[in-house]
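Biologist: Could we go through this model together, one question at a time, with the reasoning spelled out before each answer?

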Amino acid sequence: MEQHPIPSFDTWTSFFLLVSSLGFFLSIILSLHKNSRMNNTPIILLILGFSFILVQYVFFWTKYDTIYPYSYFFDSSWYLAFGPLLYSYITKLYSKSFKIRWYHFVPALLSFMINAYYLIKSSGFQNLEEYRGDVLFYFFWSLRSPWLAALSLIVYLITIKDFISFYKDDKNSQYQAIRKKWAGLLINLFLIFTISYISYYVLVKFSFFNPVWDYAISFSMSFSIYAIGYMAYREPSIFNGELLSNVFLKEAGNGKLTETTKNEFYNRLLSYIRKNKPYLDNNLRLVQLADNIGFSTHILSKLINEKAKKNFNQFINEYRLEEAKKLLVEDASTSIKTIYFDVGFNNKATFNNAFKNKFNCTPSEYKKRNLQAQDK
């Protein structure tokens, strides 16, 4: 009977497993809010790819892959996806209208599908020799080539730098300065990762190669995860939609919105409020609403002031009062305390004063008046 090596963890494999856990956690955090998820999907997938590859490497180094042959997380496929994902994110960061074509992701998608096919068919890549005669096997083996992935990484590194060269950042703009710093960090991380990846497959051909150098690729991915996490902490505007909103608003008119743009953004705000009723949240804040819609707090406050002729609290309370008015009529058995809390008010006195100012009567009087009208 074939004897498998006894699986075991050491300091480094434990460290890489911890980093991969951090990567999964960071990708979940960036996916929690709809606007953040929409803007950061390529970065989220990049972090997930690094995390899955780290787990796969840990399984390989610790020999757990011999016990769990299906523990394959498609490292060769992810390598083909990293370039298009970063390119997609950078172009979105610099141009709202520019969208990369679907065919950029074809090699990665084909690799995922063919790898999955042979993973299942060969019981975890344990008897691949049996399938070398298949026509599909040629594509499977070609797509797993590290040199194809290396070529993809180099091509997209050059393409991204070429794309950015067409855009000149205004150094007087806070948000464009953040964008430049963030894009520069991503490109440098991608360059380090590319060098680590290629150097491994070059050096492995020499007799002086040390297998420990295999960790270089994992170190570059680990560093990238930590660096992205650090930027998420230091510059949250990068991930919460504020950066994109401000960069594009500043580019479209030197920071001044046209009346058409104001109307478009204000209608988007009203549509979001009608559909999602954020005013029912008792702890709703300007920054929270801005984050959910994808505006900066400054732009959202300015829109409300100019279009609604109210400040943020007055604007939100208008919706709360209309909701309370409806509930007082529709559900006479519900107490006023329950109603004012359910519509977003935290204080009875504030609710009573706001209601009286808008409807010229207290909530109790309004409720009593409608009950009498229904009895007649």
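Biologist: Is Ser 218 buried or exposed?
Modeller: This is a predicted model, and in it Ser 218 has its place in helix 8. Leaving out residues up to four places away in sequence, Ser 218 touches Phe 16, Leu 54, Tyr 57 and Trp 61. Its relative accessible area is 0%, and a residue under 20% counts as buried, so the word for Ser 218 is buried.

Biologist: Which helix gives the most residues to the largest nonpolar core?
Modeller: The largest nonpolar core has 65 residues, and those with the most contacts inside it are Ile 43, Tyr 79, Phe 82, Ile 90 and Trp 182. At least two residues of this core come from each of helix 1 (11-31), helix 2 (34-61), helix 3 (75-94), helix 4, helix 5, helix 6 (146-164), helix 7 (174-203) and helix 8 (215-234). With twelve residues, the helix that gives the most to this core is helix 3.

Biologist: How many residues has the other core, the one that lies apart from it?
Modeller: Among the residues of that other core are Ile 273, Tyr 279, Leu 289 and Ile 293. This core lies apart from the one just described, and its size is 19 residues.

Biologist: Which residues does Ile 90 contact, leaving aside its neighbours within four places in sequence?
Modeller: Ile 90 is one of the residues with the most contacts inside the largest nonpolar core, and Ile 90 is also one of the residues through which helix 3 meets helix 6. Once its neighbours within four places in sequence are left aside, the residues in contact with Ile 90 are Ile 160, Phe 163, Ile 164, Ala 183 and Leu 186.

Biologist: Is helix 3 roughly parallel or roughly perpendicular to helix 6?
Modeller: The axes of helix 3 and helix 6 come within 8 Å and cross at roughly 10°. An angle under 35 degrees counts as roughly parallel, which makes helix 3, with respect to helix 6, roughly parallel.

Biologist: How many charged residues has the contact of helix 3 with helix 6?
Modeller: On the side of helix 3 the contact includes Tyr 79, Phe 82, Tyr 87 and Tyr 94, and on the side of helix 6 it includes Leu 148, Leu 153, Tyr 156 and Phe 163. Divided by class, this contact has 15 nonpolar and four polar residues, and the number of charged residues is no more than none: it has no charged residues.

Biologist: Is Leu 148 buried or partly exposed?
Modeller: Leu 148 lies in helix 6 and, not counting residues up to four places away in sequence, touches Leu 80, Ser 142 and Leu 143. From C-alpha to C-alpha, Leu 148 and Pro 107 are 9.8 Å apart in space, although 41 residues apart in sequence. With a relative accessible area of 33%, Leu 148 is partly exposed.

Biologist: How are helix 4 and helix 5 set to each other, oblique or roughly perpendicular?
Modeller: The axes of helix 4 (residues 106-121) and helix 5 (residues 135-143) come within 10 Å and cross at roughly 120°. The contact is made by residues including Pro 107, Leu 110 and Tyr 118 of helix 4 and Phe 137, Phe 140 and Leu 143 of helix 5, and by class it has ten nonpolar, two polar and no charged residues. Roughly perpendicular would need an angle of 65 to 115 degrees, and the two helices are therefore oblique.

Biologist: Is helix 11 roughly perpendicular or roughly parallel to helix 12?
Modeller: Helix 11 (residues 286-293) and helix 12 (residues 297-308) have axes that come within 9 Å and cross at roughly 100°. The contact is made by Leu 286, Val 287, Leu 289 and Ala 290 of helix 11 together with Thr 297, Leu 300 and Ser 301 of helix 12. Angles of 65 to 115 degrees count as roughly perpendicular, so the relation of helix 11 to helix 12 is roughly perpendicular.

Biologist: Which residue, Lys 63 or Phe 74, counts as buried?
Modeller: Lys 63 lies in the loop between helix 2 and helix 3, and Phe 74 lies in the loop between helix 2 and helix 3. Phi is near 75° for Lys 63 and near 60° for Phe 74. Lys 63, with a relative accessible area of 33%, is partly exposed, whereas at 18% relative accessibility the residue that counts as buried is Phe 74.

Key: Residues are numbered from 1 along each chain as its sequence is written. This is a predicted model: local features need pLDDT of at least 70, side-chain atom pairs count only at pLDDT 80 or more; totals for chains, interfaces and linings use all residues. Side-chain values use heavy atoms; hydrogens and water are left out. Axes are lines fitted to C-alpha atoms, for helices over the stretch in contact, and angles run from 0 to 180 degrees between N-to-C directions. Helices (H or I, at least four residues) and strands (E, at least two) are DSSP runs, numbered from the N terminus. Angles under 35 degrees count as roughly parallel, over 145 as roughly antiparallel, 65 to 115 as roughly perpendicular and the rest as oblique. Contact means heavy atoms within 4.5 Å. Ala, Val, Leu, Ile, Met, Phe, Trp, Tyr, Cys and Pro count as nonpolar, Asp, Glu, Lys and Arg as charged, and the others, Gly among them, as polar. A nonpolar core is a set of buried Ala, Val, Leu, Ile, Met, Phe, Trp, Tyr and Cys residues joined through side-chain atoms within 4.5 Å. Buried means under 20% relative accessible area, exposed over 50%, partly exposed in between (1.4 Å probe, protein chains only).
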